[in-house]
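Please read this report with the sequence and the structure side by side, and look up each residue as it is named. The text begins with one loop, turns to the whole fold, and then follows pairs of helices and several single residues.

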Amino acid sequence: MIPQYRQQPLRPPDEEFSPQMVVPSSIELFNFYRLTLAQCAKLSTGARLVELSSVFAKYLDQYAQQVLLFYVSERPSGQTPSKSPQLEDSILVLNTADYCFNTCTQLEEKIKSRIDEGFKASIDLQSQADAFMGIASATVRALVRRVEVDIEPTWREMRNTGWSKMESVGDQSSWVAEMLKLIKRRAAEVLSMLHKQQYARAFCDNLVDSVANAFIVNIFQCKPVSEVGAEQMLLDTYAMKKGLEDLLNINAPPNSPSPAGYIRRVGQSMSRLDPILKTLQVRPSPPEALVQAYLIHIADKSDANFRKILDLKGLRKQDQSHLIELFQAHRASPRNEKLPPSSALLAPLAVTGLGAAGGPTIASGIGNLSTAATLGTANLPARFDPSTFGSAIMNAARDGVDRLGTPTLGSTPSQTPSGAMSPPTQQQPSRASFELSPAAMGATNLNENLRNIGKFFKRDIGGFGGRFGSGSKPADETG
């Protein structure tokens with residue numbers, strides 16, 4: 001059945017797309033399970049049902065990996081780039097993953113209701129349910145990636161701005177207005193198709209975190225940044241924050257207020273830029289002022305991180321020596337003894353020159369921006385190549401990096417707000433098409449990573465309210 005499902009189109013050619021649709025094969029699969037369970041239960045309510053549940057679990061894993069994940073991966077098209085999934089296809093996969101998650105739980109309950117008491121503890125399909133939620137999280141991340149593709153030229157405009165030559169602070173930069181226009185246009189399209197509020201919120205939270213992380217990364221590509229330039233960037237972050245606050249309600253009637261929790265989420269994400277920019281606003285003379293600003297705002301003891309700020313300000317190496325000596329003296333004072341050795345905000349970042357042609361270059365990869373264990377959904381490059389869209393998703397599930405519940409850049413796990421989606425990170429995926437054969441993927445590792453991704457995603461979007469499966473589940477297909 002699984003190879004057959006993989007060859008089928010996502011929806012019949014003559015059927016019009018609906019944002020509530022699921023892939024028909026998922027309904028067919030659970031209908032088959034329902035009938036098989038009913039027949040088997042007539043013959044045995046003991047060990048045979050345990051064996052049957054194991055068979056169910058095996059093919060649910062295969063359906064998640066070989067069908068749903070296949071649908072959102074790039075596939076050879078005979079041309080370059082390879083064929084990437086359409087937006088409607090991604091929405092169908094998201095709905096289907098949500099439906100399968102919910103129906104897995106129903107199926108487990110139905111088997112337990114039929115099986116003898118002594119065997120009930122052996123029935124567990126939660127790993128399969130979590131794998132489907134992992135598919136959902138990867139799909140949400142892919143939707144965010146669509147926006148990232150659109151706005152990449154505006155980050156390039158930011159990097160090409162002469163931040164060291166500014167003489168005064170004006171209105172928001174032109175690239176900010178253009179970026180917000182692009183974000184809102186694409187987000188409106190995506191949100192119009194997300195009929196469940198928790199997925200709309202997950203999409204917006206991830207998008208906000210992506211913008212905040214990319215802003216931080218791109219600041220470090222703008223060397224040198226003067227004090228006036230830093231002040232202009234600070235104004236730009238405020239404009240960006242105000243623009244993103246309306247994102248969740250972009251398709252709502254005019255003047256509809258955004259949820260307070262979402263507004264707080266935007267504020268928390270964008271405020272992570274403040275320590276860097278407020279430190280950059282301080283002149284290097286008198287030197288004590290810059291050192292104190294660093295210890296207050298960045299608040300760590302790292303010589304390497306302090307040098308990054310000096311480099312970003314454009315100070316020559318010979319002019320840095322006295323500042324570094326002063327920094328070392330001040331950090332040794334009793335009032336600074338509790339500062340951490342290194343800030344998670346700066347540690348992964350490297351300073352490069354203005355307008356780097358190759359785009360951001362981040363020390364050890366952007367994936368290290370997160371301080372938590374990486375179990376994730378988005379093994380994605382800093383500069384996006386559309387031909388890698390599907391393979392990036394595949395590599396995310398394979399490698400188990402950047403879960404949607406990872407704490408935000410520069411935070412610790414305990415600092416992540418309850419119910420808030422945390423930021424995507426970015427790493428360079430393989431350029432080759434990713435095959436779904438067990439030999440190429442390592443099916444066991446993939447399956448485990450999908451489950452881990454799903455657990456974190458389920459936990460995080462559960463904080464937004466709403467029951468998983470409601471709104472996208474055609475019916476109780478388990479009987």
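Where does Ala299 lie? Ala299 is found in the loop between helix α11 and helix α12, the latter covering residues 303–312. Although Ala299 is not a glycine, its phi is positive, at about 60°. Most residues other than glycine have a negative phi. The structure in which this residue sits is a predicted model, and the values that follow are computed from it.

## The fold as a whole

The protein contains 16 helices and zero strands. Of its 479 residues, 54% count as buried. When contacts in the protein with a separation of 6 or more are considered, 80% of them are accounted for by residues 24 or more positions apart.

## Two pairs of helices

Helix α2, residues 24–43, packs with helix α4, residues 87–114, at an angle of about 5°, and the axes of the two helices are 11 Å apart. An angle under 35 degrees counts as roughly parallel, so α2 is roughly parallel to α4. On the α2 side, the residues that meet α4 include Phe30, Tyr33 and Leu37, while those on the α4 side include Tyr99, Cys100, Cys104 and Leu107. Sorted by class, this contact has 11 nonpolar, three polar and two charged residues; Lys110 and Arg114 are among the α4 residues taking part.

Helix α7 runs over residues 197–219, and from its first C-alpha to its last it reaches 33 Å, which is close to the 33 Å expected at 1.5 Å a residue. This helix is mostly covered, with 22 of its 23 residues buried.

How do the axes of α7 and α8 cross, and within what distance do they come? The axis of α7 and that of helix α8, residues 227–244, come within 11 Å and cross at roughly 170°. Because an angle over 145 degrees counts as roughly antiparallel, α7 is described as roughly antiparallel to α8. Val208, Val211, Phe215 and Ile219 in α7 meet a set of α8 residues that includes Met233, Asp236 and Leu244. By class, the contact of α7 with α8 has seven nonpolar, one polar and one charged residues.

## Cysteines

How many disulfides does a search of the whole structure find? The search finds zero disulfides. Cys104 is in no disulfide, and the nearest cysteine sulfur, which belongs to Cys100, is 6.5 Å away. A disulfide requires two cysteine sulfur atoms within 2.5 Å, so the 6.5 Å between Cys104 and Cys100 does not qualify. Cys104 is buried, with a relative accessible area of 0%, and Cys40 is buried as well, with a relative accessible area of 17%.

## Cis peptide bonds and a positive phi

Most peptide bonds are trans. Two cis peptide bonds are listed in the table below, each with the loop that holds its proline.

| Cis peptide bond | Omega | Place of the proline |
|---|---|---|
| Lys223 and Pro224 | about -5° | Pro224, loop between α7 and α8 |
| Ser285 and Pro286 | about 5° | Pro286, loop between α10 (274–280) and α11 (287–297) |

The loop that holds Pro224 thus lies between the two helices α7 and α8, whose axes were described above as crossing at roughly 170°. Asn255, a residue other than glycine, has a positive phi near 70°. Asn255 has its place in the loop between α8 and α9, where α9 covers residues 260–270, and at 79% relative accessibility this residue counts as exposed.

## Two further loop residues

Is Pro348 buried or exposed? Pro348 is found in the loop between α13, residues 317–331, and α14, residues 389–399, and at 5% relative accessibility it counts as buried, because the cut-off for that word is under 20%. The C-alpha atom of Pro348 is separated by 9.5 Å from that of Asn305, although these residues are 43 residues apart along the chain.

Ala121 lies in the loop between α4 and α5, the latter covering residues 126–159. Ala121 is exposed, with a relative accessible area of 79%. From C-alpha to C-alpha, Ala121 and Val50 are 9.8 Å apart in space, while in sequence they are 71 residues apart.

Key
Residues numbered from 1 in each chain as written. Predicted model: local features only at pLDDT ≥ 70, side-chain atom pairs only at ≥ 80, totals over all residues. Heavy atoms only, no water. Axes fitted to C-alpha atoms, helices over the stretch in contact; angles between N-to-C directions. Helix = DSSP H or I, 4+ residues; strand = E, 2+ residues; numbered from the N terminus. Parallel < 35°, antiparallel > 145°, perpendicular 65-115°, else oblique. Contact = heavy atoms within 4.5 Å. Nonpolar A, V, L, I, M, F, W, Y, C, P; charged D, E, K, R; others polar. Expected span 1.5 Å × (residues − 1). Buried < 20%, exposed > 50% of the residue type's maximum accessible area, 1.4 Å probe, protein only.
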